[in-house]
Amino acid sequence: MVVQERELVEPQALPTDTERRQRTFSGIQPSGSLHLGNYLGAIRNWVNQQEHDDSIFCVVDLHALSLPITPQALRENILDLANVLLASGIDPERSVLFVQSDVREHAELCWLLTSVTQFGELRRMTQFKDKSGGQDEAVAAALFIYPVLQAGDIILYDADKVPVGEDQKQHIELTRDIAARFNARYGETFVLPRPDIKPTGARIMALDDPARKMSKSAANPGSFIALTDDADTIRRKIKRAVTDSGGDVRAGTDKPALTNLLAIYALCAGEPIEQIEARYAGRGYGAFKADLAEVVVGAVEPIQRRLAELSADPSVARGVLARGAELARERAATKMAVVRERMGIGGAG
Ligand code: AMP
Ligand code: TRP
């Protein structure tokens, strides 16, 4: 009996990369309005990825519970974020788009993975240190466990690639460690994912301080461009953005502010940085900033137009999310049956 059961859980080789389409998974929190860094560092790459990969994108509402948020705000943010993703070009015909808590397996796998995660590993996560602000006595335990939930999100779907901004690199590395430890203990079960971080845009910096990353929680709203900012607000914020000493429009380690503005220009216009530098050679910051503002306005305006349409009819996003949850649930349930069996949990068979 015992021997037979053992055979049932004998690890099977996972299909190799060449045998199946690459799978992409990424998530984003419904924790408030989005900024240009989220778009250029993450969402834009998701949209491009769906051309060739088997793509799954998730509104991670359970993660958003790690910091205080009211039920009403969360409910609104979930739908708003789904609409922003659709307006940005996530195509439900080609990608699965769903809300994390609609697939119960995420919460379940998180708990199971806490048993193969070391306390010390979580204590080393810089995002926890940043977000807890040194107040780790008072913050929710969810903030500490957060990276385990994230690891589960990814490996539940056997994702190969995780397109994220630079700040998530440590979490993806932890995901690999957790998956590898599970595999070593229970047999080959999970694919080890790799972060997909682009050389340009993975860390868009604050407009008022190029030493800090652009973040929506910044005290000064002039430090970030919200995806919902109107054209005049964008123009004003870019005009006020700090620059470096010396007047030439050039990227370089001695020019952190210009490097950031050039990266924003390059990504919004789809043009290499060198070409932009050449065009503004000898023309000074004023001309560059005026054009940059128009390039950014041009990039966000079509998204805002589609967003207005989608927001007017919430049934569109609701339909997409319902179908997405159904597809994700199917995949998640299949995987979790294997996980439960490997771990030896459950009694009803
Ligand atoms: P968050 O807003 O922290 O949930 O981040 C959502 C996604 O946007 C993640 O993939 C982040 O890595 C990415 N992201 C957040 N801030 C930036 C930034 N300043 N530059 C580039 N990517 C960012
Ligand atoms: N922690 C990510 C962030 O703050 C959000 C996230 C949750 C995520 N689960 C994920 C990102 C899985 C990629 C894959 O941006």
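Q: What makes the pair formed by the side chain of aspartate 153 and a nitrogen atom of ligand 2 a polar contact?
A: In this predicted model, an N or O atom in the side chain of aspartate 153 is 2.7 Å from a nitrogen atom of ligand 2. The cut-off for a pair of N or O atoms is 3.5 Å, so the pair counts.

Q: Which distances put glutamine 150 and glutamine 168 on the list too?
A: For glutamine 150, a polar side-chain atom lies 2.8 Å from a nitrogen atom of ligand 2. For glutamine 168, that kind of pair comes out at 3.1 Å. Both values are within 3.5 Å, so both pairs make the cut.

Q: How much of ligand 2 does the protein cover?
A: On its own, ligand 2 has 370 Å² of accessible area, and the protein covers 91% of that.

Q: What puts a residue in the shell around ligand 2, and how many are there?
A: One heavy atom within 4 Å is enough, and 13 residues surround ligand 2. The closest are Gly27, Tyr146, Gln150, Asp153 and Gln168. By class, the shell splits into 6 nonpolar, 6 polar and 1 charged.

Q: Which pocket does ligand 2 take up, and which elements give two or more residues to its shell?
A: The space taken by ligand 2 is the largest pocket. β1 (23-28) and α8 (141-155) each give two or more residues to the shell, and α8 gives the most, with 4.

Q: What about ligand 1: where does it sit, and why is "sits in" the right phrase?
A: Ligand 1 sits in the largest pocket. The phrase applies because more than half of its atoms lie within 2 Å of the pocket's grid points.

Q: What makes glycine 37, glycine 165 and methionine 214 polar contacts of ligand 1?
A: Backbone atoms do the job here. A polar backbone atom of glycine 37 is 3.2 Å from a nitrogen atom of ligand 1, and a backbone N or O atom of methionine 214 lies 3.0 Å from a nitrogen atom of the ligand. Glycine 165 has a backbone N or O atom 2.9 Å from an oxygen atom of ligand 1. Each value falls within 3.5 Å, so each pair counts.

Q: How much of ligand 1 is covered, and which residues come nearest?
A: The protein covers 92% of the 480 Å² of accessible area that ligand 1 has on its own. There are 18 residues around ligand 1, and Asn38, Gly165, Asp167, Ile204 and Met214 come nearest. Helix α2 (residues 36-49) gives the most to this shell, with 4 residues.

Q: Why are some empty spaces here called cavities rather than pockets?
A: A cavity is a space where a 1.4 Å probe fits but cannot get out, whereas a pocket is open. The structure holds 2 cavities of 30 Å³ or more. The largest has a volume of about 50 Å³, the second largest about 40 Å³.

Q: What lines the largest cavity?
A: Its lining is Met125, Gln127, Phe128, Lys131, Leu143, Tyr146, Pro147 and His171. α7 (126-132) and α8 each supply at least two of the lining residues. Tyr146 is in this lining and is also among the residues closest to ligand 2.

Q: How many charged residues line the second largest cavity, and why is Asn260 not one of them?
A: None. Asn260 is in the lining, but just Asp, Glu, Lys and Arg count as charged, so Asn260 goes down as polar. The rest of the tally is 6 nonpolar, and helix α11 (residues 256-269) gives the most, with 3 residues.

Note on methods
Residues numbered from 1 in each chain as written. Chains lettered and ligands numbered in written order. Predicted model: local features only at pLDDT ≥ 70, side-chain atom pairs only at ≥ 80, totals over all residues. Heavy atoms only, no water. Polar contact = N/O pair within 3.5 Å; in protein donor to acceptor, adjacent residues only side chain to side chain. Areas by Shrake-Rupley, 256 points an atom, 1.4 Å probe, with all protein chains shown as cover. 1 Å grid on protein atoms, 1.4 Å probe; cavity = no way out; pocket = protein on both sides within 12 Å on 5 of 7 lines; lining within 4 Å. Points joined across faces, edges and corners; volume = space filled by probe spheres on them.
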